[in-house]
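Biologist: I'd like to learn how to read a model like this one, feature by feature. Can we start once it's on the screen?

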Amino acid sequence: MPDTTTAAPAPGADEALPRWDLSHLFPGIESAAFDAAFDALGRSLADLKSLFDARGVASLGESGDAPVDAETARTYDEVTGRYNAFLDEVRLIGTYVRVHTTVDSRDDAAQARMSQLRGLMVTLSLLGTRYTAFVGSLDTEALVAASPLAAANEFLLREAKTAARRLLPPGEEELAAELYPSGGAAWAKLHGDLSSQLAVPLARRAGDEAESLPMSVVRALATDPDPGVRRRAYEAELKAWETVAVPLAAAMNGIKHEAGVLAARRGWGTPLDVSLFRNRIDASTLDAMLSAARDSFPDFRRYLRAKARLTSGTDRLPWWDLFAPVGGAESRFSWAEAEAFVTEHFGAYSEKMRGLAARAFREKWVDAEPRPGKRDGAYCAGLRADESLILHNYRPSFGGVATLAHELGHAYHNLCLAERAPLQRNTPMTLAETASIFCETIVKRAALARAGRGEGLMILEASLQGTCQVVVDITSRFLFEQSVIEKRRERELSVDEMCALMADAQRQTYGDGLDENALHPYMWAVKGHYYGASFYNYPYMFGLLFGLGLFAHYLRDPEPFRARYDELLSRTGMADAATLAAGFDIDIRDKDFWASSLAVIREDIDRFEQLAAAAGDAA
């Protein structure tokens with residue numbers, strides 16, 4: 001797929017939407033310039049491995065407190081500097097390849113490069129394991145005293161010491177890394193390829209001839225104003241997932257078995273223990289957050305029932321109406337209007353944030369057009385220094401604007417991280433959503449401030465759709481994944497068992513807010529998160545509620561907040577979540593903190609109920 005600055009009309013839209021302009025990086029994925037850069041990446045990795053071999057980078061002892069002399073400190077400095085330099089290099093090449101595969105999974109040249117890249121990543125993973133073993137085996141206090149670089153990385157050194165104790169013997173770690181491309185990575189690729197290329201036969205309206213549509217387009221019809229279109233899209237979607245359920249169940253079984261075995265062999269106990277460590281929180285924090293979330297479910301069910309009365313005149317919402325527009329005709333935001341609105345209100349927060357948005361639009365950081373072969377959803381990827389790329393499947397509604405603001409928040413976070421070395425930028429998922437939630441909240445409040453009653457209802461609906469997904473649906477995903485991992489210890493699970501576990505998790509969380517006869521038992525097939533690192537879900541809830549808590553601090557004292565906030569974002573790879581939160585007098589192990597953030601959402605639900613009742617009376 002050649003890089004291009006041209007735009008094509010999005011399905012159902014009346015304007016052209018932007019595509020990425022990557023010409024400032026390379027002329028194309030098959031260009032001589034990119035070939036040379038990719039070959040250079042391989043040579044750099046080989047040189048890094050040679051350095052590790054020459055300097056004996058590996059565990060220096062069983063105690064984890066090997067002595068540190070001047071030569072050891074020099075080795076640490078040299079190896080860490082070269083490791084950081086390579087991580088910058090692979091970030092650029094890796095992101096460039098990834099974005100090509102996600103806008104067109106049928107791009108054979110990009111997929112071939114991705115396969116080659118995975119091979120390099122095996123070697124890099126092994127070097128990362130060796131680096132952790134080396135750093136974790138040293139006397140941390142002595143190293144910090146001997147090296148200013150080590151002193152700047154003290155948190156990472158202590159974290160490496162914990163991780164080093166959980167490593168398998170070197171030969172076993174090497175075997176696990178070498179098998180990963182044909183194990184977990186291969187299963188994840190299978191899910192990505194199947195879901196992005198899945199064609200769904202659908203007659204949008206009764207009497208129409210069925211057309212073959214990409215899954216991303218069919219799922220987007222969940223927001224169609226016509227309830228018949230929404231229901232037919234939902235039914236067609238379920239049938240389509242059924243056609244690929246067997247290979248996707250095999251992928252799920254394979255990934256969760258691998259995760260469980262490796263966690264146990266490394267002494268973690270369960271994949272959840274691994275996830276908590278990687279996300280830099282503890283079990284008491286997770287328990288406090290999930291307990292507060294469970295307490296909030298009755299409020300979310302009030303929202304769902306109010307929406308059901310508006311959309312279908314019933315008391316329980318069928319799944320196909322979860323994302324239905326309410327309040328009359330859906331408010332439209334053209335792409336140009338979305339750009340202007342986001343830039344203006346980012347600017348109301350700070351000139352730095354406004355400049356980030358303006359630059360992103362000027363330099364074409366966003367690929368917004370839905371099209372066949374393109375991955376559904378949205379993401380932001382760091383590119384180099386303070387640059388990012390954003391994948392979006394834009395719909396001309398406030399929901400589309402909110403998603404744009406959310407992803408630009410990730411880009412703002414990348415901007416704040418740009419001053420840090422790559423090892424210091426390694427932000428856990430729990431903190432990775434901080435800036436995105438903050439930026440999305442800025443835009444939502446601005447939209448509500450200018451809205452009349454009808455438009456306010458639609459904006460609240462768009463916001464509550466998202467928060468319901470992050471609090472309620474993500475809890476259902478967490479419960480599902482817990483069940484799958486536990487049961488997978490004994491044997492493989494069938495498609496029917498996967499569907500039953502998913503539906504049960506939805507009943508536990510959505511409760512009487514949804515019609516239990518119209519759930520989505522194939523949500524495990526939809527969500528790509530299940531096919532990567534285990535328990536990828538709950539960090540989104542953490543990010544939402546932590547971001548809302550920080551926004552409350554901003555409203556109370558705006559001026560001093562800005563500098564402290566940017567500093568927090570710049571340090572998300574250099575401290576655990578509890579330490580960073582304590583800088584704003586937040587105790588994330590206290591259930592009351594999470595309840596206070598959920599109370600902000602409850603206020604939105606109360607307002608939505610009032611506006612919905614008024615709209616119902618007017619009708």
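Biologist: How many bridges join S4 to strand S5, and do they run parallel or antiparallel?

Modeller: Keep in mind that this is a predicted model. S4 (residues 379-382) and S5 (residues 388-391) run antiparallel, with 4 bridges joining them. To take one partner pair, Tyr379 of S4 has Leu391 as its bridge partner in S5. The hairpin of S4 and S5 has 5 residues between the strands, and Ala385 takes a positive phi there, near 50 degrees.

Biologist: And which way do the residues of S4 point?

Modeller: The general idea is that side chains in a regular strand alternate between the two faces of the sheet. In S4, Tyr379 and Ala381 point one way while Cys380 and Gly382 point the other way. All of these are buried.

Biologist: In what order do the strands of that sheet come?

Modeller: The order is S3-S5-S4, in an open sheet of 3 strands with mixed pairing. S3 and S4 are the edge strands, each pairing on one side only.

Biologist: Let's turn to a helix. What should the 12 residues of H15 span?

Modeller: Count 1.5 Å a residue, and H15 (residues 351-362) should span 16 Å. The C-alpha atoms at its ends are 16 Å apart, so expectation and model agree. After H15 comes Lys364, with a positive phi near 55 degrees.

Biologist: What do the buried residues of H15 pack against?

Modeller: Their partners are helix H14 (335-349), strand S3 (366-367), helix H16 (398-417) and helix H18 (434-450). The buried set of H15 includes Met353, Leu356 and Phe361, and Arg359 is one of its members too.

Biologist: Which residues touch the most other members of the largest nonpolar core?

Modeller: As a general idea, nonpolar side chains tend to be buried together in soluble globular proteins. Here the largest nonpolar core has 147 residues, and Leu408, Phe480 and Trp524 touch the most other members. Helix H19 (residues 453-488) gives the largest share of this core, 13 residues. There is also a second, separate core of 50 residues, with Ala37, Leu87, Leu156 and Leu423 among them.

Biologist: Which residues does Trp524 touch?

Modeller: Beyond four places in sequence, the list includes Ala245, Leu248, Met252, Phe480, Met498, Tyr530 and Tyr531.

Biologist: Now a polar residue in a loop. Is Asn279 buried or exposed?

Modeller: The cut-off for buried is under 20% relative accessible area. Asn279 has 6%, so Asn279 is buried. You'll find Asn279 in the loop between helix H12 (271-278) and helix H13 (283-311). Leaving aside neighbours within four places in sequence, Asn279 is in contact with Pro428, Met429, Thr430, Tyr538 and Pro539.

Biologist: Zooming out, what radius of gyration would a compact globule of 619 residues have?

Modeller: It would be near 25 Å, and the protein chain has 24 Å, which agrees. The C-alpha trace spans about 80 × 50 × 50 Å along its principal axes. The chain has 25 helices and 5 strands, and 56% of its residues count as buried. Among contacts between residues at least 6 apart in sequence, 76% join residues at least 24 apart.

Biologist: Where does pLDDT stay under 50?

Modeller: That happens over residues 1-13, for which the model has 34 contacts beyond four places in sequence. Over the protein chain, the mean pLDDT is 91, and 95% of residues reach 70 or more.

How values were computed
Residues numbered from 1 in each chain as written. Heavy atoms only, no water. Buried < 20%, exposed > 50% of the residue type's maximum accessible area, 1.4 Å probe, protein only. Helix = DSSP H or I, 4+ residues; strand = E, 2+ residues; numbered from the N terminus. Pairing = 2+ DSSP bridges. Expected span 1.5 Å × (residues − 1). Contact = heavy atoms within 4.5 Å. pLDDT = per-residue confidence, 0-100. Core = buried A, V, L, I, M, F, W, Y, C linked by side-chain atoms within 4.5 Å. Rg over C-alpha atoms; globule rule 2.2 N^0.38 Å.
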